[in-house]
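Welcome, and please have your viewer ready. We will go from one selection to the next and look at what is there.

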Amino acid sequence: NDVKLLFESKSKAQIEACKFALYDQKKRLLSEDYWIINPIGVTDCVNRAASEIEYLDAPGDAYHGAVVGVDKYVFDGKRVAKAPNLFRVPEDSTEFFFKEPLVDEIAKGKFTNFVFEEIEVD
């Protein structure tokens, strides 16, 4: 609940928060205090030329040119400056990106189970 409130107040992002209950394999309620946090939309801030992005190279395929994977992100400094503190990018909308102000708030709150990797900004 505290992390949800932090994201709502400090992420500067439009987020969807869906509450759910956690049950064990015997269908016993373990907790009702869990949330799925979903930042809405994507922010186009990746410097594609400097990043290491693998694209589907299949001429004639409907998905030709689609992103297959990203080995290294590099963000465009001007575009990422305008991004909210919590965002996704179009190259892989399953990943969350956190800007330093939100990371600092998470550290101050002593929240656990967060793993951050620094992204290069040009």
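## A tour of charged pairs and one serine

Start with Glu8, which is partly exposed at 41% relative accessibility. Keep in mind as you look around that this is a predicted model. Now add Lys4 to the selection: the two side chains, Lys4 and Glu8, form a salt bridge, with N and O 3.0 Å apart. Both residues belong to helix 1 (residues 2-10), where they sit four residues apart, about one turn of the helix. Is Lys4 buried or exposed? With a relative accessible area of 13%, Lys4 is buried, whereas its partner Glu8 is partly exposed.

A word on the chemistry before moving on: side chains of opposite charge can pair when their charged atoms come close.

**Next stop: Asp24 and Arg28.** Select both and show their side chains. Here too there is a salt bridge, at 2.8 Å from N to O. Asp24 counts as buried, at 16% relative accessibility, while Arg28 is partly exposed at 46%.

**Then go to Asp44 and Arg48.** How far apart are the closest N and O atoms in the salt bridge between Asp44 and Arg48? They are 2.7 Å apart. Asp44 is partly exposed, with 40% relative accessibility, and Arg48 is also partly exposed, at 36%. Now extend the selection to Asp76, Arg79 and Glu91: together with Asp44 and Arg48 they make one network, joined by salt bridges that share partners.

If you would like to continue the hunt for such pairs on your own, a search of the whole structure finds eight salt bridges. Among them are Lys4 with Glu8, Arg28 with Asp24, and Asp44 with Arg48.

**Last stop: Ser51.** Move to the loop between strand 2 (29-39) and strand 3 (52-55), where you will find Ser51. This serine, Ser51, is a loop residue and yet buried, its relative accessible area being 8%. Which residues is Ser51 in contact with, once its neighbours within four places in sequence are left aside? Select Val46, Lys72, Tyr73 and Val74 to see them. Zoom in on Val74 in particular: its backbone nitrogen lies 2.8 Å from a polar atom of the Ser51 side chain.

To finish, display Lys4, Asp24 and Ser51 together. Lys4 is buried at 13%, Asp24 at 16% and Ser51 at 8%; Lys4 has Glu8 as a salt-bridge partner, Asp24 has Arg28, and the Ser51 side chain has the backbone nitrogen of Val74 at 2.8 Å.

Key: Residues numbered from 1 in each chain as written. Predicted model: local features only at pLDDT ≥ 70, side-chain atom pairs only at ≥ 80, totals over all residues. Heavy atoms only, no water. Salt bridge = Lys/Arg side-chain N within 4 Å of Asp/Glu carboxyl O. Helix = DSSP H or I, 4+ residues; strand = E, 2+ residues; numbered from the N terminus. Buried < 20%, exposed > 50% of the residue type's maximum accessible area, 1.4 Å probe, protein only. Polar contact = N/O pair within 3.5 Å; in protein donor to acceptor, adjacent residues only side chain to side chain. Contact = heavy atoms within 4.5 Å.
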